[in-house]
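Q: I have a model open and want to learn how to read it. Can we go through it feature by feature?

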Amino acid sequence: MKLIILKDKTEVAQLLSKIIIDIIKVKPNAILGLATGSSPIETYDLLIADAKNNKRDWSKVVTFNLDEYVGLTPDHVKSYRYFMNHQLFNHIKSLNLKNTYVPKGIGDLDQNVEEYEKLLKEKGPIDLQILGLGTNGHIAFNEPGTLASSKTHVVNLTKETIEANKRFFSKVEDVPTKAVTMGIHTILQAKLIVLIATGTNKAQAIRELVEGKVSPNYPCTFLQNHDDVTIIIDEEAATLLKPTISKKN
Ligand code: GLP
């Protein structure tokens, strides 16, 4: 794993957007694995600006999102499909919405997860998978206890995740209690993985990811089993790392 510690979340977004743009330059039909949450928003703003200012061609780019809440229709303002359309997709003119995939959280969920895995197999592997990080160490919605062998599946969200995500809803009761998520095995199929995390509330999970043993207690630690992972964090998220590790970077 490669660890990069930067000053703040703006520098993290600048580096991540550059990595994404460089991949599209080399491979115009790149397959990107995208994430939701507050972490990638600044990165998406920079991608939108680049697409406008530099006429970047996204027409052949294919995207796969990590997860979706169960029970929210794609047009629900709190759904991850809505988030992606509004934070990124709708602002990139050359992007074809038909090339963007987000797991479906309504209808026959067993069928949905199977179809998503099938689609990923047909179109994949993902060239670059972007990940955020839950305060409890989850990646996508793979909560503590998730197995390394997991594929796209339905999960019960933990109390901690529901608490952490209530900021996006008017009240905690509105936060869905289940989600559909790519599994750990699914995520690890990507050729390259970049995880971003900023702020002190991510420091504990970052310590486990960087210094801890591989364990389902912190699903992010499964990334240690992949041979091309870059972790980009800010100084705040690095506060619990041993000085020897944070100084090396
Ligand atoms: C949600 C998403 C994750 C995301 C995490 C962190 O739970 N399912 O994919 O990484 O939130 O969110 P934030 O970036 O807002 O801290």
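Q: Start with the ligand. How far is an oxygen atom of the ligand from an N or O atom in the side chain of Ser38?
A: This is a predicted model, so read every distance as a model value. A pair of N or O atoms counts as a polar contact within 3.5 Å. Here the Ser38 side chain places an N or O atom 2.6 Å from a ligand oxygen. For the side chain of Ser39, the corresponding distance to an oxygen atom of the ligand is 2.5 Å.

Q: Which ligand element does Asp67 face with a polar side-chain atom?
A: Nitrogen. A polar side-chain atom of Asp67 is 2.8 Å from a nitrogen atom of the ligand. On its own, the ligand has 390 Å² of accessible area, and the protein covers 96% of that.

Q: Which residues come nearest to the ligand?
A: Look at the shell, then pick out its closest members. There are 14 residues around the ligand, and Ser38, Ser39, Asp67, Arg167 and Lys202 come nearest. By class, the shell holds 6 polar, 5 nonpolar and 3 charged residues.

Q: Where does the ligand sit?
A: Compare the ligand atoms with the pocket points. In this model, the ligand sits in the largest pocket.

Q: Which residues does the UniProt "active site" annotation cover?
A: Treat such a label as a record entry; annotations may be inferred rather than shown by experiment. The unreviewed UniProt entry gives Asp67, Asn136, His138 and Glu143. From this set, Asp67 and His138 are in the lining of the largest pocket. Asp67 itself belongs to strand E4, residues 67-69.

Q: What does the UniProt domain annotation say, and which residues does it cover?
A: Again, this comes from the record. The unreviewed entry annotates residues 11-229 as "domain: Glucosamine/galactosamine-6-phosphate isomerase". In the model, that span is 33% helix and 15% strand, and its end C-alpha atoms lie 19 Å apart.

Q: Now the backbone. Which residues does a cis peptide bond join?
A: Begin with the usual case: most peptide bonds are trans. Gly124 and Pro125 are joined by a cis bond, with omega about 5°. Pro125 is in the loop between helix H4 (109-123) and strand E6 (128-131).

Q: What is the phi of Lys55, and where does Lys55 lie?
A: The background is that most residues other than glycine have a negative phi. Lys55 is not a glycine, yet its phi is positive, at about 50°. Lys55 lies in the loop that runs between helix H2 (41-53) and strand E3 (62-65).

How values were computed:
Residues numbered from 1 in each chain as written. Predicted model: local features only at pLDDT ≥ 70, side-chain atom pairs only at ≥ 80, totals over all residues. Heavy atoms only, no water. Near = heavy atom within 4 Å. Polar contact = N/O pair within 3.5 Å; in protein donor to acceptor, adjacent residues only side chain to side chain. Areas by Shrake-Rupley, 256 points an atom, 1.4 Å probe, with all protein chains shown as cover. 1 Å grid on protein atoms, 1.4 Å probe; cavity = no way out; pocket = protein on both sides within 12 Å on 5 of 7 lines; lining within 4 Å. Sits in = over half its atoms within 2 Å of the grid points. Nonpolar A, V, L, I, M, F, W, Y, C, P; charged D, E, K, R; others polar. Helix = DSSP H or I, 4+ residues; strand = E, 2+ residues; numbered from the N terminus.
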